[in-house]
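Welcome! Please take a look at the model below, and then let us walk through it together.

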Amino acid sequence: MGVAAGPIRVVVAKPGLDGHDRGAKVIARALRDAGMEVIYTGLHQTPEQIVGTALQEDADAIGLSILSGAHNTLFAAVIDLLKERDAEDILVFGGGIIPEADIPLLKEKGVAEIFTPGATTASIVDWVRTNARQPAEA
């Protein structure tokens with residue numbers, strides 16, 4: 001998305017069959033309270049729906065919350081769809097129950113950051129503020 005005017009726009013999504021969304025709602029509220037525009041997609045979203053929403057809403061970032069154990073598959077699907085749609089400038093981050101051993105692989109695939117249980121809302125807000133809309137290298 002580059003450097004744009006107005007607040008940072010973040011899509012917060014719950015991909016797959018995971019039905020627990022308290023953490024996603026807490027993060028969505030924290031980002032909103034920090035002045036960002038947040039689009040919460042609700043439960044049981046497909047990667048196609050999430051990427052479609054991000055493109056339609058001109059999002060700067062996508063935050064995925066995954067507790068189901070399908071993080072390797074679902075994160076990769078979102079990253080691949082963004083590449084297919086020439087939208088790799090949309091920052092992807094996430095959190096949930098993700099084993100430490102899987103985090104390097106997710107980052108290699110293009111996930112910018114993973115927040116595990118215990119991460120504070122302030123640290124997530126600060127990270128999004130710092131990393132969304134990074135200006136392109138001249």
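Buried here means under 20% relative accessible area. With that cut-off, both phenylalanine 115 and tryptophan 127 are buried in this predicted model, and phenylalanine 93 is buried as well.

**The aromatic cluster**

These residues belong together: Phe93, Phe115 and Trp127 form one aromatic cluster. A pair of aromatic rings is described by the distance of the centres and the angle of the planes. In this model the count comes to three aromatic pairs, and two of them are set out here.

| Pair | Centre to centre | Angle between planes | Geometry |
|---|---|---|---|
| Phenylalanine 93 and tryptophan 127 | 5.6 Å | 55° | tilted |
| Phenylalanine 115 and tryptophan 127 | 5.8 Å | 80° | edge-to-face |

Why does the second pair count as edge-to-face? The planes of phenylalanine 115 and tryptophan 127 stand at 80°, and planes over 60 degrees apart count as edge-to-face.

Now place the rings along the chain. Phenylalanine 93 sits in strand 4 and tryptophan 127 in helix 5, so their pair ties together parts that are 34 residues apart in sequence. Phenylalanine 115 belongs to strand 5 (residues 113-115), and its pair with tryptophan 127 in helix 5 links distant parts of the chain, twelve residues apart.

**Helix 1 and its two sides**

Helix 1 covers residues 22-33. How far apart should its ends be, at 1.5 Å a residue? Its twelve residues should span 16 Å, and the end C-alpha atoms are indeed 16 Å apart, which agrees.

Ala24, Ile27, Ala28, Ala30 and Leu31 are the buried residues of helix 1. They cover an arc of only 165° around the axis, which puts them on the same side of helix 1. On the other side, Arg22, Arg29 and Asp33 are exposed.

What covers the buried residues of helix 1? The cover includes strand 1 (9-13), strand 2 (37-40), strand 3 (61-66), strand 4 (91-96) and helix 5 (121-131). Strand 4 and helix 5 are thus familiar from above: they hold phenylalanine 93 and tryptophan 127. After helix 1 comes glycine 35, whose phi is positive, near 95°.

**The largest pocket**

Rolling a probe the size of a water molecule over the atoms shows where empty space is left. The largest pocket holds about 390 Å³ of space. Its lining is made up of 23 residues, of which Gly23, Ile27, Gly95, Gly96 and Ile124 lie nearest the centre. Helix 1, strand 3, strand 4 and helix 5 are the elements that give two or more residues to this lining. Ile27 ties the two topics together, being one of the buried residues of helix 1 and one of the lining residues nearest the pocket centre.

How values were computed. Residues are numbered from 1 along each chain as its sequence is written. This is a predicted model: local features need pLDDT of at least 70, side-chain atom pairs count only at pLDDT 80 or more; totals for chains, interfaces and linings use all residues. Side-chain values use heavy atoms; hydrogens and water are left out. Helices (H or I, at least four residues) and strands (E, at least two) are DSSP runs, numbered from the N terminus. The expected span of a helix is 1.5 Å times one less than its number of residues. Buried means under 20% relative accessible area, exposed over 50%, partly exposed in between (1.4 Å probe, protein chains only). The arc is that of the directions from the helix axis to the C-beta atoms. Contact means heavy atoms within 4.5 Å. Rings of Phe, Tyr and Trp (its six-membered ring) pair if their centres lie within 6.5 Å; planes under 30 degrees apart count as stacked, over 60 as edge-to-face and the rest as tilted. On a 1 Å grid over the protein atoms alone, a cavity is a set of points where a 1.4 Å probe fits but cannot get out, and a pocket is an open set with protein on both sides within 12 Å along at least five of seven lines; lining residues have an atom within 4 Å of a point. Grid points are joined across faces, edges and corners, and a volume is the space filled by probe spheres set on the points.
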